[in-house]
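This report concerns the aromatic side chains of one protein. Please consult the sequence and the structure shown here while reading.

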Amino acid sequence: MEHRKRKLPRTVRIILTVLSMLLILVCCTAWYLNHHWTKLLRKELSGYVTDLSDSLYTVQFKELHLNVLSGSLTVDKATMTLDSAVYQRMLADHRAPENTYLISVEKLQLRYFKPWRYFIKKELSAGALIVTGPSIVMEQNSTVRDTTRPRTAYEDISSKMKSIFIGRLQLDNTNFKYVFTRSDSSRVIHQFRNLRVGVNDFLIDSVALHDPTRYLYARNYEIGMRDYMNRTRDSLYWMYVRGIRYDAAERTLNIGQFEIQPRYDKTQFQQQTGGIQQDRYELLFNDIKVQELDPRLLLQEQQVWARRINIGNGRLHIYRDRILPMPPEDKPGQFPNQVLQKLHLPLKIDTLTGNNVELQYAELSPVSQQLGQINFSHIHARLTNITNIDSMVARNNHCIADFDAIFMQSGKLRARFDFTLNNPAGQFAVSGQLENMNGKDLNSVTRPLGMIEIRSCNIRDLNFNIRGDERKAAGSVTMLYDNLKIAILKQDKEHKNYSRKGLMSFVANVMVIKDGNPLPGEKVRVANPTHVRDVQKSFFNLVWKTLFAGVKETAGAGKL
């Protein structure tokens, strides 16, 4: 049986024919517009920059591709250069701008571009602008005098177009060099590599400049840097800075992690220091937020001004080998307030806070050749008025540091340090309280460093007030405790094991040590210790030695 081929209905055939013709028409129109508008864009792009800059800048590029159907525009190998002859004429006429730029990019991609709005309505609108491999040199010269009336960005573009809107501007792998010339002609140079820059909702029109929700015509600027690693000047440490991001709208710098890591283990480290004592540090801070940072003062004046710095958590470990000889020089001018004053970097930080920080100090004893260790955990700190700027110090010359922590696993510690700023002698005061501590937790320090073991002691309350400077310290110490028993130790030289000196321990507990404060029928004993600083030792050593002298005096062990 013969089958006839079915024909499409006439209406369907008409529709398909019309659609085919429309498709051909669209393709032909797109081809024509691509060809025609590409020629116009090539001409206008260079002309815009030349006209808007009064011939100061020239733009050149290798290729320009427009795709009307996909709404994309691509520019390859573009540069914007400055005409030095024109700039010199502008300088002579006092018309030269304070800021000048040199820019080159590997590729520039405009996505979701609406060419009909650009050519018909003179409105440049695009969903995204992706710039790959930009290199930018910005020079700001404060000695230049521009006597012309300042103009807004909208006034500059209004003769050519009505508005510019970019939904998202993204600059990848950006190399940025900033050169600032001060009024005395001295120069400051900053160079940043591999920056990531993101700009959200960028708009230039007649009202955008006065929109309070915008910052420099955009909703926000975000600047990120790749992880930074470098050696410290003394070559003993690696410094790492990770997860760097700056939010311009909030004026906030976020740092994911800051780390100082020794380049050598403990034995090799001491060899690198010439075989003399030196503290070895391991530092790690996480989730650092610097709020209301002033980037202009940082870049132009090399000053750090910030309202608040917050550290999410971290740790600091310090190690010192006391078996090695002391360094030949003393340490004048090394107290925290003295070091702050000597910094070459002017700074003003209203408040610095740290949360859940761990501090560990360990030293190797020359007597026992064992490691003694002090731990502070769950530290919460708040420092205010950190500054070395004379005008700020004149208003308030006290830097206050408040701490609370767990001391040696059981003691609840609160302390306040008051540093007098711009004081040549490093004047300071410290007060605090330690509550509810099991004295046996101190054995990790007293055994290797003092050859004394605390068999029992309940420290109910320890209050202290100390004042001093880089020469000496004095104050008052009140320790309320009960059931104090100690053992005086000796050490097996071969196996390094500790054993108890029975007779000396008995005599100390019965005739020397006072097992409580207050004793029955007596008043509370208050110690008033004074300690002259060993000039080769640190600020914290002075505070600790003064406090410990008061504790020993209270316990009756001043001569032990």
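Is phenylalanine 539 buried or exposed? In this predicted model, phenylalanine 539 counts as buried because its relative accessibility is 4%, under the 20% limit. Phenylalanine 335 is likewise buried, with a relative accessible area of 1%.

**Confidence and domains**

The average pLDDT of the protein is 85, and 91% of the residues score at least 70. Residues 24–32, however, have a pLDDT below 50, and beyond near neighbours in sequence this stretch makes four contacts in the model. Where pLDDT is low, predicted coordinates should not be read in detail. The domain assignment gives domain 1 (33–215) and domain 2 (330–555); their C-alpha centres are 60 Å apart.

**Aromatic pairs**

The model contains 14 aromatic pairs. Two of them are set out below.

| Ring pair | Centre distance | Plane angle | Class |
|---|---|---|---|
| Phe335 and Phe539 | 5.1 Å | 70 degrees | edge-to-face |
| Phe417 and Phe419 | 6.0 Å | 5 degrees | stacked |

Phenylalanine 335 lies in the loop between strand S14 (304–321) and helix H7 (336–342), whereas phenylalanine 539 belongs to helix H11 (residues 539–555), so their pair ties together parts that are 204 residues apart in sequence. Phenylalanine 417 and phenylalanine 419 are both buried. Ring pairs join these four residues with Phe403, Phe428 and Phe540 into a cluster.

**Charges over rings**

Two basic residues also sit over aromatic rings. The charged end of arginine 263 is placed over the ring of tryptophan 238, 5.2 Å from its centre. Lysine 266 lies over the face of tyrosine 319, at 4.6 Å from the ring centre.

How values were computed. Residues are numbered from 1 along each chain as its sequence is written. This is a predicted model: local features need pLDDT of at least 70, side-chain atom pairs count only at pLDDT 80 or more; totals for chains, interfaces and linings use all residues. Side-chain values use heavy atoms; hydrogens and water are left out. pLDDT is the predictor's confidence in each residue, from 0 to 100. Contact means heavy atoms within 4.5 Å. Domain bounds come from an automatic or database domain assignment. Rings of Phe, Tyr and Trp (its six-membered ring) pair if their centres lie within 6.5 Å; planes under 30 degrees apart count as stacked, over 60 as edge-to-face and the rest as tilted. Helices (H or I, at least four residues) and strands (E, at least two) are DSSP runs, numbered from the N terminus. Buried means under 20% relative accessible area, exposed over 50%, partly exposed in between (1.4 Å probe, protein chains only). A charge sits over a ring if NZ of Lys or CZ of Arg is within 6 Å of the ring centre and within 35 degrees of the ring normal.
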